[in-house]
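User: Please take a close look at one buried acidic residue in this model and its surroundings. Add what can be said about the helices and cysteines elsewhere in the chain.

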Amino acid sequence: MTPDVPGVTPTVVVGGGPAGALAALLLARRGRSIRLLERTTEAGVKVCGEFLSPEAVQRLDRVGFPWARAEAVSLTRVVLMAAGRQVEVALPFEARSVARAKLDGWLLEEAGRAGAHIERGVTVRDIALTRPGFQLRTNQGDLHTTGLVLATGKHALSAFNPRAGTGDETLVGYKMDFSRLSPRVRATLDHTMGLFFFEGGYGGIARTGNDAATVSLLVRAHVGRRFGLRDLSLLQALAPELPLLSLLLDEATADWARPATVANLPYGHCAPARPLAPGLLAVGDQFAVLPSFTGTGISFALASGALAARCLYESPEPAAAAARHAAFARPLARAVQRRAMLLHSAFQKPLFAAVALRALAHAPRLAVWVARATRLPAPVATTGQEAWV
């Protein structure tokens with residue numbers, strides 16, 4: 001490990017989502033000096049689903065995540081919906097869903113308890129390469145670091161670590177949370193994930209607590225403009241052909257006056273084989289943006305964050321850690337992306353979705369194959385990590 005230099009922070013984590021927070025937690029538990037900068041002042045809404053695949057569940061088990069306190073919901077089956085058709089299929093594993101505010105909040109609190117220096121309300125405005133390391137310009141002043149864990153989500157930070165997606169960035173993420181669930185809604189969504197497809201997008205429905213549910217959509221911008229993204233109009237337009245969504249709208253209460261949205265999503269982005277700069281470890285969506293329907297986003301965030309922590313702990317200096325991290329994380333992401341991006345595009349076409357549901361009605365095992373084909377490869381995701389996390 002590079003020796004400490006006066007005025008230089010050895011390792012800075014930018015971003016307090018699952019990837020950055022887990023990296024900080026693991027390093028802090030091993031006595032490393034970590035400084036984490038998070039722009040929000042408290043855990044809040046993230047425009048994503050809250051599906052935790054088995055790989056994510058196992059990793060969180062190892063760090064002691066409090067499932068009962070977080071009101072985690074077990075998921076053992078999926079209801080697939082498109083063009084008025086509906087098929088229920090058992091998942092080939094047990095997954096869970098947890099509200100992101102509870103997940104992110106606990107990881108950051110635990111990292112702080114372990115000794116990481118957590119700074120909230122700090123916005124990193126720009127990053128410049130220096131010798132050695134990086135100069136971070138923030139709303140609280142500048143700082144210099146030799147090791148940078150970049151965990152700021154799907155979009156580029158100014159011109160730093162540019163996105164390189166599929167070239168089709170006309171997609172909008174849309175999310176609405178619900179509470180005051182009727183007994184029928186709670187029972188219907190018990191152990192159940194709803195996944196639906198429509199012209200120009202797809203979405204998911206799941207409970208995220210005892211009296212909480214969420215609807216997350218990925219929709220093409222022209223569909224959003226047609227129905228509107230400022231209220232529930234889009235969900236109401238889709239509901240007649242989606243019984244589960246219709247039930248939720250009728251027997252639950254929307255938590256916000258306006259849905260949360262995010263635009264220009266760079267799906268298909270994957271970091272290059274070599275880091276952009278020595279000492280840079282991009283994690284989570286900064287490394288790879290995986291299609292939402294696979295449910296591997298949080299799992300990859302946790303895996304890449306844990307891998308970054310291990311590389312920084314075991315490598316003699318940040319440049320070597322970054323090179324090692326990229327060498328392991330890239331094939332991990334690519335293994336999912338190759339198959340998932342094809343399905344991501346196909347399921348936005350109603351004819352494909354309708355044919356797929358008919359096929360699933362006759363051969364439910366096809367859903368099992370899709371679920372397994374879009375998981376993180378277990379040997380890569382967990383190799384050498386058991387003693388770590």
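Analyst: What follows starts with one aspartate and then turns to two helices and the cysteines. The model is predicted.

Asp-104 lies in helix H3, which covers residues 100-114. Its relative accessibility is 4%, so Asp-104 counts as buried, the cut-off being under 20%. The side chain of Asp-104 makes a polar contact with the side chain of Lys-46, at 3.0 Å. Lys-46 also appears among the residues that Asp-104 touches once its neighbours within four places in sequence are left aside; the others are Gly-16, Gly-17 and Pro-18.

Two further helices can be described by what they bury. In helix H7, residues 243-251, the buried residues are Leu-244, Leu-245, Leu-247 and Leu-248. Viewed down the axis of H7, these buried residues fall within an arc of 160°, and therefore they line one face of the helix. Helix H8 runs over residues 297-314 and is mostly covered, with 15 of its 18 residues buried. From first C-alpha to last, H8 reaches 26 Å, close to the 26 Å expected at 1.5 Å a residue.

As for the cysteines, Cys-48 has a relative accessibility of 18% and so counts as buried. Cys-270, at 8%, counts as buried because it too falls under the 20% cut-off. A disulfide is a covalent bond between the sulfur atoms of two cysteines. With sulfur atoms required to lie within 2.5 Å, the count of disulfides comes to 0.

Technical notes. Residues are numbered from 1 along each chain as its sequence is written. This is a predicted model: local features need pLDDT of at least 70, side-chain atom pairs count only at pLDDT 80 or more; totals for chains, interfaces and linings use all residues. Side-chain values use heavy atoms; hydrogens and water are left out. Buried means under 20% relative accessible area, exposed over 50%, partly exposed in between (1.4 Å probe, protein chains only). Helices (H or I, at least four residues) and strands (E, at least two) are DSSP runs, numbered from the N terminus. The arc is that of the directions from the helix axis to the C-beta atoms. A polar contact is a pair of N or O atoms within 3.5 Å; within protein, one must be able to donate a hydrogen and the other to accept it, and residues adjacent in sequence count only if both atoms are side-chain atoms. Contact means heavy atoms within 4.5 Å. The expected span of a helix is 1.5 Å times one less than its number of residues.
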